[in-house]
Amino acid sequence: MTQRIVCFLLASLSACFSDFATAQPIVLHYNIRPPLIVVKGEQLTGQTGAPAVAAFSKAGIEFALTETPAARQFRILQNNQGHDCLIGHFKNPEREAYAKFTDPIFQDEPRIALTYAANARLNDGDSIEAVLSDKELSLLVKQSYSYGQALDALIDKHQPIRQSVVVENTQMLRMIAARRADYMFITPHEASAVIDEIGLAKAQFKMVKLENMPKGDLRYILCSKKVPDETIGKLNAAIK
């Protein structure tokens with residue numbers, strides 16, 4: 001009898017801890033990145049911001065929004081200290097080792113190579129392989145950032161000259177305009193939105209459509225391993 005009571009109490013205690021873990025509010029991290037993530041008043045909108053917030057709201061999951069730089073977001077997930085989720089990132093094997101992913105919430109357009117207007121070495125119809133192999137060109141990339149599995153693999157294969165930075169796309173476009181790097185990869189809509197945001201003229205840039213550019217990747221909500229599978233399931237049901 002005593003053993004049964006102990007087992008019952010242990011089971012009840014375990015269930016309580018499970019319910020507490022599920023009930024913990026999620027810290028939902030974002031960084032402003034038009035048109036993907038946009039802040040309007042007190043609302044988070046944009047191509048990935050809006051569906052992410054809608055999924056949490058529809059699923060009835062308590063969450064708190066916090067603005068966090070992209071590189072720090074991934075460190076938070078790797079540390080796995082709390083119930084944290086990120087909005088609108090790509091899936092790759094490295095991230096799958098430390099994060100849980102929902103179903104996709106958005107699919108990107110194919111990327112273009114954004115360069116300064118006078119750059120004659122980059123033109124529509126050039127192949128992605130030829131551009132990445134050109135040692136006269138420097139590629140501007142963001143640290144801890146994925147450009148999608150297929151494009152990441154091409155960059156790793158061809159090993160272009162790279163400048164790696166921790167700044168956001170607004171500063172990266174300013175670097176391209178100032179010719180501190182030759183090109184960067186970005187979607188056309190995002191390029192147009194950021195150019196408008198920073199107040200530069202579109203005529204200062206050239207958007208180059210490259211042959212063999214991989215199709216746009218899917219974007220997900222990804223969460224720390226501490227976030228219960230039940231929460232991921234509720235989000236997936238809301239996303240569908």
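Helices (H or I, at least four residues) and strands (E, at least two) are DSSP runs, numbered from the N terminus. With these labels in mind, the tour may begin; the model on display is predicted.

**First stop: the largest pocket.** Select helix H3 (70-79), helix H4 (93-96), strand E8 (138-142) and helix H6 (149-158), each of which supplies at least two residues of the lining of the largest pocket. H3 gives the largest share, four residues. The volume of this pocket is about 350 Å³. Its lining consists of 19 residues, and Glu94, Ser144, Tyr145, Ser146 and Asp152 lie nearest the centre. By class, the lining divides into seven nonpolar, five polar and seven charged residues.

**Second stop: the second largest pocket.** The space here is about 150 Å³. Among its 13 lining residues, select Asn31, Ile32, Arg33, Glu168 and Thr170, the closest to its centre. Next, display helix H7 (169-177) and helix H8 (188-198), which each supply at least two lining residues; H8 provides the largest share, three residues.

**Third stop: Pro110.** Select Pro110 in the loop between strand E6 (99-107) and strand E7 (112-116). Is Pro110 buried or exposed? Its relative accessibility is 44%, so Pro110 counts as partly exposed. Beyond its sequence neighbours up to four places away, Pro110 touches Thr187, Pro188, Met213, Pro214, Lys215 and Gly216.

**Final stop: the largest cavity.** Keep Met213, Pro214, Lys215 and Gly216 selected, since they are among the residues lining the largest cavity. Add others from that lining, including Phe90, Asp108, Tyr147 and Leu151. The cavity holds about 70 Å³ of space, and the whole structure contains four cavities of 30 Å³ or more.

Note on methods. Residues are numbered from 1 along each chain as its sequence is written. This is a predicted model: local features need pLDDT of at least 70, side-chain atom pairs count only at pLDDT 80 or more; totals for chains, interfaces and linings use all residues. Side-chain values use heavy atoms; hydrogens and water are left out. Buried means under 20% relative accessible area, exposed over 50%, partly exposed in between (1.4 Å probe, protein chains only). Contact means heavy atoms within 4.5 Å. On a 1 Å grid over the protein atoms alone, a cavity is a set of points where a 1.4 Å probe fits but cannot get out, and a pocket is an open set with protein on both sides within 12 Å along at least five of seven lines; lining residues have an atom within 4 Å of a point. Grid points are joined across faces, edges and corners, and a volume is the space filled by probe spheres set on the points. Ala, Val, Leu, Ile, Met, Phe, Trp, Tyr, Cys and Pro count as nonpolar, Asp, Glu, Lys and Arg as charged, and the others, Gly among them, as polar.
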